[in-house]
Amino acid sequence: MKVVAFNGSPNKEGNTFHGIKMVAEELQKEGIEVEIVHVGNKAIRGCLACNGCVRNQNEKCVIKDEVNEWIQKMKQADGIILASPVHYASIGGTMKSFLDRAFYVTSVNKSMLRHKVGASVVAVRRAGGVPTFDQLNNYINYSEMLMPSSNYWNVINGTAPGEVKQDEEGKQIMRVLGKNMAWLMKLVENGKGKVEEPENEDKIFYNFIR
Ligand SMILES: Cc1cc2nc3c(=O)[nH]c(=O)nc-3n(C[C@H](O)[C@H](O)[C@H](O)COP(=O)(O)O)c2cc1C
């Protein structure tokens with residue numbers, strides 16, 4: 001089984017990266033491969049709201065950059081980690097641009113991520129960790145993914161790159177998350193062909209202003 005983890009920090013090996021690594025270590029102990037994709041240092045523009053992905057139905061965003069390759073990585077993975085530093089009490093800008101575009105594409109193309117396992121990880125100096133965690137979880141919830149939990153919200157504290165390694169509670173949160181994620185992934189894998197998946201309902205859009 002494989003997990004793809006998206007590092008939304010501009011820092012390649014900053015605190016977000018170390019948070020991912022702590023979760024990844026537990027996944028790897030259970031034989032799950034982990035690939036880390038560095039999103040935060042790329043030039044990813046935001047969604048154009050052109051609805052090209054809705055019209056084309058080809059699993060692609062019309063903008064030509066790394067996002068389409070990352071969508072395919074998510075499609076091929078069994079599990080997905082969305083990780084971001086806190087920037088102004090929210091998701092880092094580049095990561096947000098990626099998530100808006102990628103998850104719009106995956107949701108309008110027959111729920112491509114449905115029943116994959118997904119978790120969020122946040123690195124923060126002081127404040128804004130939980131709102132950012134909630135924002136990342138919105139993408140996972142919208143996609144009918146399955147979310148493992150930890151023994152707290154998945155936030156780790158530190159400022160300078162690597163400082164999170166001193167956050168003992170944060171380290172446990174990431175460790176427990178990794179263990180629970182591996183376990184959930186194994187449950188899903190072992191249930192395939194044995195436990196029937198519920199029907200994939202067509203999404204109803206009932207707008208308030210018609
Ligand atoms: C533009 C910017 C905005 C930030 N905003 C916040 C914030 O709102 N709250 C906070 O506690 N830390 C804030 N920080 C600090 C980072 O969240 C913190 O240093 C984090 O560990 C960085 O993770 P990284 O090393 O993966 O980039 C901000 C940092 C930057 C660069």
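This briefing covers two strand residues, a ligand site, two pockets and a cavity. The model is predicted. His38 and Val37 both belong to strand β2. The ligand is surrounded by 17 residues. The largest pocket holds about 440 Å³ of space, and the second largest about 360 Å³. There is 1 cavity of 30 Å³ or more.

**His38**

- His38 sits in strand β2, which spans residues 33-38.
- Its relative accessible area is 11%, under the 20% cut-off, so His38 counts as buried.
- The His38 side chain reaches the backbone oxygen of Ser9 at 2.7 Å.
- A polar contact of 3.4 Å joins the side chains of His38 and Asn41.
- Beyond its neighbours within four places in sequence, His38 is in contact with Asn7, Ser9, Pro10, Asn11, Lys12 and Trp70.

**Val37**

- Val37 is also a residue of strand β2.
- Val37 is buried because its relative accessibility, 6%, is under 20%.
- Setting aside neighbours within four places in sequence, Val37 contacts Val4, Ala5, Phe6, Asn7, Trp70 and Lys73.
- Val37 and Trp70 are 33 residues apart along the chain, with 8.2 Å between their C-alpha atoms.
- Trp70 is in the contact list of Val37 and in that of His38. Asn7 likewise contacts Val37 and His38.

**Ligand site**

- Of the 17 residues around the ligand, the closest are Ser9, Thr16, Arg126, Ala127 and Gly158.
- Ser9 has a side-chain N or O atom 2.6 Å from an oxygen atom of the ligand.
- The backbone oxygen of Ser9 is the atom that the His38 side chain reaches.
- Asn15 places a backbone N or O atom 2.8 Å from a ligand oxygen.
- For Val86, a backbone N or O atom lies 2.8 Å from an oxygen atom of the ligand.

**Largest pocket**

- The largest pocket contains about 440 Å³ of space.
- Its lining has 18 residues, and those nearest the centre are Ser107, Ser111, Glu201, Asp202 and Lys203.
- Helix α4, residues 93-108, gives the most to this lining, with 4 residues.
- By class, the lining of the largest pocket has 7 nonpolar, 5 polar and 6 charged residues.

**Second largest pocket**

- About 360 Å³ of space lies in the second largest pocket.
- It is lined by 19 residues, with His115, Leu146, Val188, Lys192 and Glu197 nearest its centre.
- Helix α6, residues 168-191, is the top contributor to this lining, with 5 residues.
- The lining of the second largest pocket divides into 9 nonpolar, 3 polar and 7 charged residues.

**Cavity**

- The structure holds 1 cavity of 30 Å³ or more.
- The largest cavity has about 100 Å³ of space.
- It is lined by 13 residues, of which Cys47, Leu48, Cys50, Cys53 and Cys61 are closest to its centre.
- Two or more lining residues come from each of α2 (52-56) and α4.
- Helix α4 gives the largest share of this cavity lining, 3 residues. Helix α4 also gives the most to the lining of the largest pocket.
- The cavity lining has 10 nonpolar, 2 polar and 1 charged residues.

Methods:
Residues numbered from 1 in each chain as written. Predicted model: local features only at pLDDT ≥ 70, side-chain atom pairs only at ≥ 80, totals over all residues. Heavy atoms only, no water. Buried < 20%, exposed > 50% of the residue type's maximum accessible area, 1.4 Å probe, protein only. Polar contact = N/O pair within 3.5 Å; in protein donor to acceptor, adjacent residues only side chain to side chain. Contact = heavy atoms within 4.5 Å. 1 Å grid on protein atoms, 1.4 Å probe; cavity = no way out; pocket = protein on both sides within 12 Å on 5 of 7 lines; lining within 4 Å. Points joined across faces, edges and corners; volume = space filled by probe spheres on them. Nonpolar A, V, L, I, M, F, W, Y, C, P; charged D, E, K, R; others polar. Near = heavy atom within 4 Å.
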